[in-house]
Amino acid sequence: MQWFNVGKIVNTHGIRGEVRVISRTHFPEERYAIGSKLALFMPGSKTPIYLTVASHRKHKNFDLLTFENHPNINDVEKYRDGILKVAEDQLGDLEEGEFYYHEIIGCEVFTLEDASIGKVTEILETGANDVWTVTPEKGKPHYIPYIADIVKEIDIDNKKIVIDAIEGLLS
């Protein structure tokens with residue numbers, strides 16, 4: 001089974017079993033909804049601990065969660081540094097033209113002239129639009145904004161992306 005990160009438990013919060021999560025999901029209201037099932041993977045372990053969300057709220061830059069049958073701090077302290085994940089079959093359907101990061105990372109990027117410029121190795125969230133780090137086999141990475149004027153075609157099945165390499169983009 002393939003698993004996808006949705007957040008990391010970085011600490012406890014208070015004494016009533018709340019944990020502080022740095023979220024890695026664009027869908028916190030869905031992933032952390034009451035009754036949602038999450039798998040917790042502790043460092044060095046490949047065996048998930050299954051947890052059910054009992055409550056969720058935002059506090060500063062964190063998502064605060066409690067889990068069913070974990071009413072106090074002693075029940076959740078051991079989960080610190082654990083990674084919360086969902087199984088592939090829990091991923092929701094996206095709108096047309098939207099993609100999960102794991103679908104984009106690893107795609108090979110080509111110019112309109114069919115010249116390969118490298119593979120997407122990272123996605124940076126800048127606020128206005130995402131920026132893809134495209135790393136060639138040799139040389140320094142290129143930073144490609146994910147905007148319609150640049151990204152012309154995305155073929156997830158063939159792991160291929162076509163861009164319009166406007167002047168100055170690849171220098």
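Helices and strands here are DSSP runs, helices of at least four residues and strands of at least two, numbered from the N terminus. With that in hand, let's start.

This is a predicted model. The chain holds three helices and twelve strands. It has 171 residues, and buried residues make up 35% of them. Taken along the principal axes, the C-alpha atoms fill a box of roughly 60 × 30 × 30 Å. Now take contacts between residues at least 6 apart in sequence. Of these, 50% join residues at least 24 apart.

Let's begin with the cores. In soluble globular proteins, nonpolar side chains tend to be buried together. How many residues does the largest nonpolar core have here? It has 16. I9, L38, L65, F67 and L84 are the residues with the most contacts inside it. Which elements give two or more residues to this core? They are β1, residues 3–13, then β2, β3 at 37–41, β4, β5 at 62–67 and β6 at 83–87.

Look at L38. Leaving out residues up to four places away in sequence, L38 touches a list of residues that includes V6, Y32, I49 and L51. L65, F67 and L84 are also among the residues that L38 touches. So are R31 and K85, so the list includes charged names too. There is another core, apart from this one, with 14 residues. V109, I144, I150 and I161 are among them.

Next, the salt bridges. Side chains of opposite charge can pair when their charged atoms come close. The structure holds four salt bridges. I'll show some of them.

R57 and E18 meet through their side chains, 2.8 Å from N to O. What does this pair tie together? R57 lies in strand β4, residues 49–59, and E18 lies in strand β2, residues 18–23, so the pair links parts that are 39 residues apart in sequence. Are the two partners buried or exposed? E18 is buried, because its relative accessible area is 12% and the cut-off for buried is under 20%. R57, at 39%, counts as partly exposed.

Now D63 and K58. Their side chains meet in a salt bridge at 3.4 Å, N to O. D63 is buried, with a relative accessible area of 1%. K58 is exposed, at 52%.

Then K160 and D114. Their closest N and O atoms are 3.7 Å apart. K160 sits in strand β12, residues 160–163, and D114 sits in the loop between β7 (108–111) and β8 (116–125), so this pair ties together parts that are 46 residues apart in sequence. K160 is partly exposed, with a relative accessible area of 28%.

That brings us to the sheet around β12. Strands of a sheet pair through backbone hydrogen bonds, either parallel or antiparallel. What is the strand order in the open sheet of six strands? The order is β10-β9-β8-β7-β12-β11, and the pairing is mixed. The edge strands are β10, residues 142–145, and β11, residues 151–155. Each of these pairs on one side only. On average, neighbouring strands of the sheet are turned by 35° against each other, direction ignored.

Walk through some of the pairs. β7 and β12 are parallel, with four bridges. In that region, E108 stands opposite K160 in β12. We met K160 a moment ago, in the salt bridge with D114.

β11 and β12 run antiparallel, and four bridges join them. The bridge partner of E153 in β12 is V162. The hairpin of β11 and β12 has four residues between the strands. In this hairpin, K159 takes a positive phi near 55°.

At the other edge, β9, residues 130–135, pairs with β10 in the antiparallel sense over four bridges. W132 stands opposite I144 in β10. I144 also belongs to the core of 14 residues.

One last residue: H142. It lies in strand β10. Is H142 buried or exposed? H142 is buried, because its relative accessible area is 15% and buried means under 20%. Where does the side chain of H142 reach? It reaches the backbone oxygen of L170, at 3.4 Å. H142 touches I117, W132, T133, V134, P136 and L170, again not counting residues up to four places away in sequence.

To wrap up: the predicted model has a largest nonpolar core of 16 residues, another core of 14, four salt bridges and an open sheet of six strands with mixed pairing. Thanks, that's my tour.

How values were computed
Residues numbered from 1 in each chain as written. Predicted model: local features only at pLDDT ≥ 70, side-chain atom pairs only at ≥ 80, totals over all residues. Heavy atoms only, no water. Pairing = 2+ DSSP bridges. Axes fitted to C-alpha atoms, helices over the stretch in contact; angles between N-to-C directions. Buried < 20%, exposed > 50% of the residue type's maximum accessible area, 1.4 Å probe, protein only. Polar contact = N/O pair within 3.5 Å; in protein donor to acceptor, adjacent residues only side chain to side chain. Contact = heavy atoms within 4.5 Å. Core = buried A, V, L, I, M, F, W, Y, C linked by side-chain atoms within 4.5 Å.
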